[in-house]
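Here is a short report on charged pairs, cysteines and a surface patch. Please look at the structure first.

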Amino acid sequence: MNILSFSFLLFFVATLVVYYLVPKKIQYIVLFVASAVFFLLSGPAYTAIYLLLSIASVYYSAKYMQKNTDNERGRKHALLFALLINLAMLAVLKYTNFVLRNSVSVINLFGASIAYSTVEWIAPIGISFYTLQVVGYLVDVYWGISEAQPNAIKVALFGMYFPQISSGPIGRYHQLSATLYRENHFSYQDVCFGLQRIAWGVAKKMILAERLSGFVNGVFSSYSQYAGVYIWTAMLAFSLQLYADFSGNMDIVLGVSECFGIRLPENFRRPFFSRSIQEFWQRWHITMGEWLKDYVMFPVLRSNCWKKLGKWTKTKWGRKASQQITTYLGMLVLWIVIGLWHGGSWKFLAQSLWSWLMIVLGQISQPLSQKVLTALKIDQRSFSWKLFQCFRTLVLFSVGLLFFRADSLTVGLHMLKSSFTNFAPVKVFSEEFLSLFGGGENMTVIFICILVLLLVAAFQDKGYSIRKWVASQGLVFRWVLYYGLFFAIVIYGMYGSGYNSSDFVYRGF
Amino acid sequence: MAERQSVDNIKTWKLMVRVIAFFIVGIMLFTWVSYLFRPVSPSRKNIVGYYALEENSIDTVFVGGSSIYVFWAPLMGWNEFGFASYNFAIDSMRSFLMLYLFDELLKTQTPELIVCDVRSFVKVLDEDDYEAPLRNGVDSFSYSLNRFRAIKNILPNNYSPIEYYLDIAKYHTNTSALTDETQWLYSSNRVESYNKGFSLMQKHEALENINYSDINEIGEIPASTKDNLEALLDYCDGKKLNVLFVSTPYQMPSAETKKEMNAIKQKVESRGYLFVDGIDSFDEIGLDFKTDFYDTYHINIYGAEKFTRFLGKYIAEHFSLPDRRADDAYQQWYLDYARWMINVEKTKIIIDQLIQQSIV
């Protein structure tokens, strides 16, 4: 079930009404039933077996660990057993073809000519998301951060909560349980704010993301015909498209939850206002980054193996260099996992490694950059300098995203090379360029959307809550804004016959 | 405590009123925006022109397809017979829509006579053929239960329902409507049609003289329209409507079609209704395939004048309709007729030229 469909709207409204009508004590059961229905309507029913296996393994392991606090060995085995089941399912369903493809390629390098056929297994919706979420819960129980949840339905709900399952955000048990299982009384403000947020998300996706996809798809699908300014525009357009698509999706997810009185963590915090790639990744897909830091990078850095590495590098190159090397290598592990999480393809790894490289180079060059800026007397507090930093970050991010969007690593490299040839910026005024964007009207709508997004982001960056500000205005003004947003979606949204709106990008993970 | 509860209750009521008002205003705006974006087609002009009429001001409604709205000229009917009539007709008419057209027309008028064109009942229905006729009808109707029922009962399963129930989903890409004066004019979905639903076509085609008036054999009503005809006759019986069934004259594709029409005529007459077959009356009407048509299915203004005179005489002889020419409430019709005649003369000049070219 697509959350942009009419059927989801009916499903959501029905669930909301039932949620507030039933006794508060069983509200979480309503959410669980709704989540089960959503899951079954979103993919082949047999994929439910993977989800059930995941939740069951996590539930019983956590229960065992809670009961056997004195048996460290037993707890460790329970943890490893459940981790193995969950990560093995994820690995097999997502990476079998990748492993097959590359293994055969390596073997064929030695003169063999092995043929193979790919497997066509269908993974359950959101497997990449819910696996991380339930594994996080399991590890939290092992570390003593959370207590095991004795109620199996509550554990299941945590793993498959319907707004969140297909695209995140990835929640932590100790934060989410406080809001997910709470007895929520109907709040007019929650429902109002939730609906506003949903509308905002739909607008981002249907008006902006879909409009940009025309140009992006046009260039990426016929990449050999384009070079220079076309590829750069496609890269930047894709960054914007992905932001509008993914953050729009998150707005809908968080808005739906807000209507139930449930608070999910934010996944975006004005990433295009970032002044470095490092800052960017603290503002983009926040929950994934934080999860992987807490459950992958920090455990790696604290591991015995890493401590030994640290000691060795310290003797070789001194303390400061040792800290940098171990940290950067720890980050490398993190970014490799991020790449693999996105899917079994070298292009995702290429994007991750690019991001890692930019962060590392940024940090290494920091002292030298500081000296240069001081020598050039550049005022780093000035608006122009901050603007430059934001633009530089956007460009660096977009280069990495080129690999994410390209059909393969080879295509990505080809496009990157082409982007430096035949630049010809004057082509932005050509008919072909305009027609790739779908004409002048389309471009006008895109620019207006970007302007509105920037305005809203600027207000939010100053600490204002747009929704609270709007709520404090007069009735007529508020209604004009609400109707304006609604009709902007109805009129300028890219939907309808002859137009297949693309699924949310991150729903495929 | 009680006072606090009372204050909370008042706040809750105020909130509910506000929410309901928000939705009502929203629905009204949504309806208006939908009408704004709908294309302004000849079908829509006819339907919304009907809505703009004063209630119960029309004595005869002609209902059907383009096989009525280029055939019967209401203003000529007014001038020569005093009839207050209107063409409630859409393009690409199909039999599945007829009942809903009847329901729609009876909402605002109580005509003494309904003239129903049955040519759509010889058109075999094909599931791929539903969009245009259905949209010509329901995308002209105001939002109503009748419109909802029409879509629900007619739309094939493989069509996307939301784009029919909420037609803005289909037409929202027509953003030029936002700056188009005509679109804004039609956004109320009630716009006067001075020519009472008639279309003046500046086209002509000289056709071969193919006339199946000598075919008297009774064939079979097409299976796909038979039930629609039965339902229509039951409806007319149930509502006790005064209906004249008409098959307007055209160049039939084959003798089989004539046999089917003969079967329809037989069916209609067996239920006690009068039927006028334009093919059988072709010579009496005085139509000429060389000068009076603009394609095999439709006549031009010369043909319309002949047909209107013929049918008007028939109606005058068989039905007692009031002569509205002396009625003060219909004075505007004189002005409409004068305006229409100016356009008729302009059209005839063009058609004369086309006729000359076709002779050469």
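## Salt bridges and surface

Asp139(B) is buried, at a relative accessible area of 4% (buried means under 20%, exposed over 50%, partly exposed in between, with a 1.4 Å probe and protein chains only). Its partner Arg135(B) is buried too, at 6%. The two side chains meet in a salt bridge, 2.6 Å from N to O (a side-chain nitrogen of Lys or Arg within 4 Å of a carboxyl oxygen of Asp or Glu). Both belong to a salt-bridge network that also includes Arg38(B) and Glu131(B).

This is a predicted model: local features need pLDDT of at least 70, side-chain atom pairs count only at pLDDT 80 or more, and totals for chains, interfaces and linings use all residues. Residues are numbered from 1 along each chain as its sequence is written, chains are lettered from A and ligands numbered from 1 in the order written, and side-chain values use heavy atoms, without hydrogens and water.

Over all chains, 38 salt bridges are found. Three of chain B are listed here.

| Pair | N to O distance |
|---|---|
| Arg135(B) and Asp139(B) | 2.6 Å |
| Lys196(B) and Asp336(B) | 2.8 Å |
| Glu230(B) and Lys267(B) | 2.5 Å |

Lys196(B) and Asp336(B) are both buried. Glu230(B) is partly exposed, at 25%. Lys267(B) is partly exposed, at 24%.

What about disulfides? The whole structure has zero (a disulfide is a pair of cysteine sulfur atoms within 2.5 Å). The sulfur of Cys259(A) is 8.8 Å from the closest cysteine sulfur, in Cys192(A), too far for a bond. Cys259(A) is buried, at 0%.

Leu21(A) is exposed, at 70%.
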